[in-house]
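Thanks for making time this morning. I would like to walk through one structure with you, going from its cavities to its salt bridges and then to its helices.

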Amino acid sequence: MFRIALKGILGRKARLVLTSLAVIIGTAFLAGTSVFSATLNATFNNLFTDVFKNVDAYVRSSQVIEGEFGVQERQRIPAALVEDVLAVPGVKAAAGDIQAFARIVGADGKPLGTDGQGPPTFGGVFTESFVSLWKVVDGRAPKGPNEAVVDEASFQKGKLTIGKPVKIIGQAGSREFTLVGVTSYGDVRSPGGATFALFDLPTASEFLAKPGFVDDILVAGDGSLSDAALSQRITDALTKKIAADSSATAKIETLTGAEITKETQDQIGSALSFFGILLSVFSFIALGVGSFVIYNVFSISAAQRERENALLRAIGASKKQVTRAMLIESLVVGIFGSAVGLVGGIGLSKGLSALLRALSIDIPSSGLVVKTNTIVETLVVGTLVTISSAWLPARRAGKVPPLAAMRSTAVEVIATGRKRTIIGFSVMGVGAAVVAAVVAGASTSLLGLGILLVFIGTIVLGPVIVRPVSLFLGRPAARFRGITGSMARQNSARNPKRTARTASPVLIGVALVTAVTALAASIKGQINDVFTQQLKGNYVVSTNNRGFGGLSPSLATDIAALPEVEAASGIGQIIGKVDGKGQFLTSVSPDTVSSVWNFGLINVDMSALTADSIFISRKKSESKMLPVGSSVTVVLPDATTHRLKVAGLYEQNEFGDYLVSKALSANTTIASFDVGVYIKTNSDVSATKARAALQKAVDKYGQGTLLDKQEYIDKNSGNVNQLLGLIYGLLFLSIIISIVGIIITLLLSVFERQRELGLLRAVGMTRSQVRTTVRWESIITSLLGAALGITLGIGLGWVIVFALRDQGLTTFSLPVGSAVVIVILSFFVGVLAAVYPAWRATKVDILSALNTN
């Protein structure tokens, strides 16, 4: 039976290749993810091992607050501790270091890097110490408050010139420095694509942080102690020093060179891991959707070889042997597809590396790393998915009775059965009940389970639904294309199981896209309504930076001083621990913010917000049981603890659930930036004049985008499109697999109907009519998946929106435009998928087809 299976595979090479395509796409993403991640890890491990080769100890504060979305801020330590470290026996060299936000402005006046998206924009310290992480590649080191150096990548991209002024933006504002040199980070122009502006220590401390403070101290030993012993000695000395100072709040820890190297390697790997996560999602979706194609192909193959399998049974083959023969075929398909996918994944990894370089994310040159577990994982996952998809068709093939060999033809059983109907409606009913429970107030965590069950029920019911829907969708073809359209309509409804399986990938992709599109449209509508009510000003200086950097508070002060401006107020975010949990706190200037933004204060005036009080959103107040008059404990990144009184509640929490005064963080070492400056111009100033004055101020600053009220609302609504971009990418992937599935199904259908096609050609049907029939059959199948997917997606979209009503999402928007685009796209998918099968159908030899038994 093994030899019979192999001969069957070798005799149908085209089917082997086409069936393997679904496996190849999924395993290529899977292998590419693994190779790319392993290569990045190895590359940056080598880079940071080299960069930190002279660092034996790393002194920093142990006080760190981790906020939402992985953002964290660590307490800064006094720069004076550098001298104390140098005094420790065993220390050869020590230098203070800062890692803070800074934005370099290019020669064309445009800031380098992306605004809050992609690699960060850093400011730091350049030192000629033995422990320096940077080296000068051109020019010299910066000295004094007016000089700076930049990384090599930023120097080239910004078209900067040594000896000329360069504008740099930091926490203290926007300034011009004289560019005196270009640096590199080890052998890399800029690690991970980030931009770096570097200064001497006093300048960096004043411009980027707070005078007299640094983020960490780099230490080199004299070789008399191990790294661990040196680190412990430094910790003991500094702890004793700080304990003797009653006013000191710093909490010190000292890492070894190996520990900080490993931590930095992990951080850069995490920063670039989004590529791996995205590819992993794509690979598993591709394998999941491809399983429908594999199942469909083996089901059709088993039906077409029913007579062949019956003959094997008649001459003594057992049910298990026939089943085993088909599983051997699936094993070969899985191994072949996974092997090709592995090679494709290696190529995909090289392409991703090139993409990162094109996006200015500089990666050191290094060979690809293909681990043994990558090869094993790819082959095993691809093979198991293929065998699992072929299991049921193989079992059915083994159950064929020997008497079936006496039949003149062998086709797939097309009856849908009452059992399928009962199971499908039952599963869908349970899913609908779970969804209804969520809508009625049950936990939203059950929503995913309910949606999954609805999907499963829909797929199980597919063959039951297909015939009436296909006949309905095929009416235009029958009316306008005559006999060819009528035949295509009947052919699509002839075998409901096959048509349903072929349309399932389209259905799943379209349903997901429609549901998310409906959610996005609803969010956009909600944003438009809410921001129209809340924004009282008429202009905004906006930035996408959240959590790291942003706009200097000095920008709001400068804009407020313009004669064209009635009021201007910056709204910022700081990190703090609220009752033990890291949170973003929205910081405002109470005396000006009410003029430009409406938080929906409840029976309280903004003047009640002071350095000793806090406002909380009504929803958070209710969930945490923090009424007006209660108190919360807030710990800031500088290790100071504040007991704040809840002085008021507010309704609109688009900026967050906690509102504090900027006075709380004034004169501290913590990072303080604005996420936007909100402006109200004088009523007697024309819009043209006001905008020109504001734009001049923004251009002088060098960062931020000036938007009027409607532009700002549109921008926030447009942020939802990033989610849609990912979903559309998943749809594109499912479309590719769907096209492959439709092509294979039509090819096998053409082979199955050779006698029918030959007879039609014999009675006068032209080749053009044959092509038209096959083409419209493909279009109807594609439109079937789209129609069912859109219907299911709209329903799911409404459920999701309704389930999120407690989160403030109250309006459902029907994505009419997107639905129309999906239908049109599905039409063309059907046309494209039918090209090759239609051509093959016209090549059927009439006499040979008529002689087919």
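The residues that line the largest cavity divide into two nonpolar, eight polar and five charged, and I should say at once that we are looking at a predicted model. That cavity has a volume of about 150 Å³, and it comes from a search of the whole structure that finds six cavities of 30 Å³ or more. There are 15 lining residues, and the closest to the centre of the cavity are Asn491, Arg498, Thr499, Thr745 and Glu777. If you look at where the lining comes from, the elements that give two or more residues are α16 (482-494), α17 (496-534), α22 (721-752) and α24 (767-803), with the largest share, five residues, coming from α22.

Let me move from the cavity to the charged pairs. In general, side chains of opposite charge can pair when their charged atoms come close. For this model, a search of the whole structure finds 12 salt bridges, and I will take three of them.

Glu253 pairs with Arg74, and the closest N and O atoms in that salt bridge are 3.6 Å apart. The two partners belong to distant parts of the chain, with Glu253 in strand β16 (residues 252-256) and Arg74 in strand β3 (residues 72-74), 179 residues apart. Is this pair buried or exposed? Neither word quite fits, because Glu253, at 24% relative accessibility, counts as partly exposed, and Arg74 is likewise partly exposed, with a relative accessible area of 23%.

The second pair is Arg140 with Glu147, where the closest N and O atoms are 2.8 Å apart. Here the two partners fall into separate classes, since Arg140 is partly exposed at 39% relative accessible area, while Glu147, at 15%, is buried.

In the third pair, the side chains of Arg175 and Glu206 meet in a salt bridge of 2.5 Å, N to O. This one also links distant parts of the chain, Arg175 being in strand β12 (residues 173-185) and Glu206 in helix α5 (residues 201-208), 31 residues apart. Arg175 counts as partly exposed at 29% relative accessibility, and Glu206 counts as partly exposed at 30%. Coming back to the first pair, salt bridges that share partners join Arg60, Arg74, Glu253 and Glu263 into one network.

Now to the helices, beginning with α13. How far apart should the ends of helix α13 (residues 447-460) be? At 1.5 Å a residue, its 14 residues should span 20 Å, and the end C-alpha atoms are indeed 20 Å apart, so the expected and modelled spans agree. The buried residues of α13 are Leu447, Gly450, Ile451, Leu453, Val454, Phe455, Gly457 and Thr458. As background for reading such a list, an α-helix has 3.6 residues a turn, so residues three or four places apart point the same way. The buried residues of α13 pack against α12 (418-439), α14 (462-473), α17 and α24, and α17 and α24 are also among the elements that line the largest cavity.

I will finish with one residue of α22, namely Ile739. Ile739 counts as buried because its relative accessibility is 15%, which falls under the 20% cut-off for that class. Leaving aside neighbours within four places in sequence, Ile739 is in contact with Val829, Leu832 and Ala833. Ile739 and Ser782 are 43 residues apart in sequence, and their C-alpha atoms are 8.9 Å apart in space.

Notes
Residues numbered from 1 in each chain as written. Predicted model: local features only at pLDDT ≥ 70, side-chain atom pairs only at ≥ 80, totals over all residues. Heavy atoms only, no water. 1 Å grid on protein atoms, 1.4 Å probe; cavity = no way out; pocket = protein on both sides within 12 Å on 5 of 7 lines; lining within 4 Å. Points joined across faces, edges and corners; volume = space filled by probe spheres on them. Helix = DSSP H or I, 4+ residues; strand = E, 2+ residues; numbered from the N terminus. Nonpolar A, V, L, I, M, F, W, Y, C, P; charged D, E, K, R; others polar. Salt bridge = Lys/Arg side-chain N within 4 Å of Asp/Glu carboxyl O. Buried < 20%, exposed > 50% of the residue type's maximum accessible area, 1.4 Å probe, protein only. Expected span 1.5 Å × (residues − 1). Contact = heavy atoms within 4.5 Å.
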